[in-house]
Amino acid sequence: MTTADGRRAAEGDPARGGDPAADGDPATDREPAPHGEPSAGSPAERSPGAAVAGDTVAAVVRQWENVRPDLDTGPMEVIGRVNRCAALLQQAEDAPLRRAGLTRPEFDVLGTLRRTGHELTPSDIARETFSSGAAVTKRLKQLTERGLVERRGDTRDRRVAHVRLTDAGRDLVDAVLPDQLAYESGVLSGIDGERRRELAGLLGELLGQLEGRLRLPRA
């Protein structure tokens with residue numbers, strides 16, 4: 001499903017203390033080695049499996065526990081990993097979207113028009129992709145210049161535009177989507193089917209809560 005704006009999802013990793021997309025090449029970007037293990041009675045010790053994985057967020061959590069053992073770093077273990085995963089997926093050079101010359105947000109616009117099957121206004125697209133109006137306007141300009149979408153004015157209100165896929169846009173989505181799904185399946189191949197379904201359910205629960213809190217439309 002391609003309704004989440006990929007760039008927005010990768011912003012503001014609290015476990016890294018900044019924007020993960022600015023970290024540079026994921027192949028060379030490494031966290032400093034942790035300065036020690038969590039102390040006895042720390043929040044990580046109270047949370048089963050906390051700060052034990054060999055990933056960068058685990059190292060960050062251990063460091064914070066050393067300097068601020070009074071804080072519960074549990075939220076970092078979830079939010080930090082979600083943001084870090086999103087950032088790495090955004091930066092992946094081998095992803096089919098990259099090879100097609102598309103960013104994830106641009107593909108979200110194309111995918112939204114393809115899956116809804118009809119014309120949409122820029123405001124509709126902004127709601128569907130959880131994007132700002134300005135961001136959608138910029139993406140539509142780029143996609144229009146590439147001949148992937150086209151706009152027409154409303155016959156009753158000249159201020160309103162209607163956007164639809166061109167034949168080239170439809171063909172590109174149909175060609176890229178199977179490859180992108182196969183790529184994403186490969187990314188998840190280290191997690192067995194049952195655990196993957198459990199992960200999807202947990203992330204769906206979190207997303208539902210956030211959408212409800214922010215009053216965002218649900219698919």
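In this predicted model, Val78, Ile79, Val82, Leu199 and Leu203 form a nonpolar patch of about 360 Å² on the surface. Two elements each give two or more residues to this patch, namely helix H4 (74-91) and helix H10 (193-214). The greatest contribution comes from H4, with 3 residues. Val78, one of the patch residues, is found in helix H4.

Helix H4 also takes part in a salt bridge, through Arg81. In general, side chains of opposite charge can pair when their charged atoms come close. Here the side chains of Asp55 and Arg81 meet in such a bridge, at 2.6 Å from N to O. The pair links distant parts of the chain: Asp55 lies in the loop between helix H2 (43-46) and helix H3 (56-67), whereas Arg81 lies in helix H4, 26 residues apart. A search of the whole structure finds 12 salt bridges.

The next topic is the packing of helices. Two packed helices are described by the angle between their axes and the distance between the axes. Helix H6 (residues 104-116) packs with helix H8 (residues 133-145) at an angle of about 80°, and their axes are 10 Å apart. Angles of 65 to 115 degrees count as roughly perpendicular, and H6 and H8 are therefore roughly perpendicular to each other. Which residues meet where H6 and H8 pack? On the H6 side they are Pro105, Glu106, Val109 and Leu110, and on the H8 side Arg139, Leu140, Gln142 and Leu143. By class, this contact of H6 with H8 has 5 nonpolar, 1 polar and 2 charged residues.

Notes. Residues numbered from 1 in each chain as written. Predicted model: local features only at pLDDT ≥ 70, side-chain atom pairs only at ≥ 80, totals over all residues. Heavy atoms only, no water. Axes fitted to C-alpha atoms, helices over the stretch in contact; angles between N-to-C directions. Helix = DSSP H or I, 4+ residues; strand = E, 2+ residues; numbered from the N terminus. Parallel < 35°, antiparallel > 145°, perpendicular 65-115°, else oblique. Contact = heavy atoms within 4.5 Å. Nonpolar A, V, L, I, M, F, W, Y, C, P; charged D, E, K, R; others polar. Patch = residues over 30% accessible without salt bridge, like charges linked within 9 Å, V, L, I, M, F, W, Y side chains within 5 Å. Areas by Shrake-Rupley, 256 points an atom, 1.4 Å probe, with all protein chains shown as cover. Salt bridge = Lys/Arg side-chain N within 4 Å of Asp/Glu carboxyl O.
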